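The following exercises are to be worked with the sequence and the model at hand. Each task is followed by a solution in steps.

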Amino acid sequence: MSRVGVGVIGVGGWGKHHVRVYKDLEYEGLCKLVAVSDKNPEAARRIASTWQVEECIDNQRLLSREDVQAVSICTPTTTHYDVALQAMDAGKHLLVEKPLADTAQKALGIARTAKRKDLKLAVGFVERYNQGLVRLKQVIDRGRIGEVRLATAQRISLWSPRVDDAGVILDSAIHDIDAIRYVFGEDPSSIYAESLERPSQGPETGAIIDLTFESGIVAHIMARRLTRGGEQRKIRQLQMVGSKGTAILFYIPQIVLTVEAPEILSPFVSTRGKPRYTKNPMKCVSVHSPPVWKEPLKEELADFLKSISESRES
């Protein structure tokens, strides 16, 4: 397998993690991290020095390099469209952090351009590579909790200046929308969304979303971005309620907890002295965890690189 030359455009909040992981994958022989660029020269210089890669003063300098075949685009959401087109014009495969663009029209434009130019395009839905989500789907597919009737997701994130150009729906809740679609294997037939908090200047910091599916399943998502000075904690979990029990995914530790209620008949003696039977209310609690914890971002970037070297879809 040949090594893919990669660059990272935007090395601020999340971009610096792409740099770190690509460097790990370089040691594993999957890629060669060549260069980084950022609109903040100091940030680019610091990251380049830390990881011993070339610092490019602008995107075009990075994209003009022949030893760069693919790039991660980790710039602000409102810049994704222009930077992605610039990268594809230079013939580069690309992974664009979610959301793909700030409008559906721009997102479709990126996808169509990549297809026309026969370039690999991946979108950074890192939770798809969370081993806990994979295990949750297995639990549901095997019928451990029966027929799923309700899904509820809660995602509380810390405030970050890097996402001031995108609200919690585009930046945060889309992880849960995508995860629910993945587990159920279908798209919702109707969607209702409401902004809970919207500062006078800037996008929404809270939202509730209700999804209804043709199969009869209903999903409820609550997302909130804590403001500066708020309670500093993260909550990321997804709960599925079925006819035989409940499954709860805790994203960060990648653990799934199931609470099952098997219909066990237990004898009891009636007042007339005749044996009768009733359903035992006992519950079976199980913890499902992956054999080995894997970093979702590393799994995602490795899959992106392999899709290029193996000429397959990511």
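Which residue just after α7 takes a positive phi? Gly185 does, at about 70 degrees. The model is predicted: local features need pLDDT of at least 70, side-chain atom pairs count only at pLDDT 80 or more, and totals for chains, interfaces and linings use all residues. Residues are numbered from 1 along each chain as its sequence is written, and side-chain values use heavy atoms, with hydrogens and water left out.

**Exercise 1. Describe helix α7.**

Step 1. Helices are DSSP runs of H or I with at least four residues, strands are runs of E with at least two, and both are numbered from the N terminus. Helix α7 covers residues 168-184.

Step 2. The expected span is 1.5 Å times one less than the number of residues. For the 17 residues of α7 this gives 24 Å, and the end C-alpha atoms are 23 Å apart, which agrees.

Step 3. A kink of about 45 degrees is centred on Ile174; the bend is the angle between axes fitted to the seven residues ending at a residue and the seven starting there.

Step 4. Of the 17 residues in α7, 13 are buried (under 20% relative accessible area, with exposed over 50% and partly exposed in between; 1.4 Å probe, protein chains only).

**Exercise 2. Classify the aromatic pair.**

Step 1. The structure holds 1 aromatic pair. Rings of Phe, Tyr and Trp (its six-membered ring) pair if their centres lie within 6.5 Å; planes under 30 degrees apart count as stacked, over 60 as edge-to-face and the rest as tilted.

Step 2. The ring centres of Phe184 and Phe213 are 5.4 Å apart and their planes stand at 90 degrees, so the pair is edge-to-face.

Step 3. Phe184 belongs to α7, whereas Phe213 lies in the loop between β9 and β10, 29 residues apart.

Step 4. Phe184 is buried at a relative accessible area of 15%, and Phe213 is buried at 2%.

**Exercise 3. Place α7 in the largest nonpolar core.**

Step 1. Such a core is a set of buried Ala, Val, Leu, Ile, Met, Phe, Trp, Tyr and Cys residues joined through side-chain atoms within 4.5 Å. The largest has 29 residues, and Phe184 and Ile221 are among those touching the most other members.

Step 2. Helix α7 gives the most to this core, with 7 residues.

Step 3. Leaving aside residues up to four places away in sequence, Ile221 touches residues including Ala173, Ile177 and Ile180 (contact means heavy atoms within 4.5 Å).
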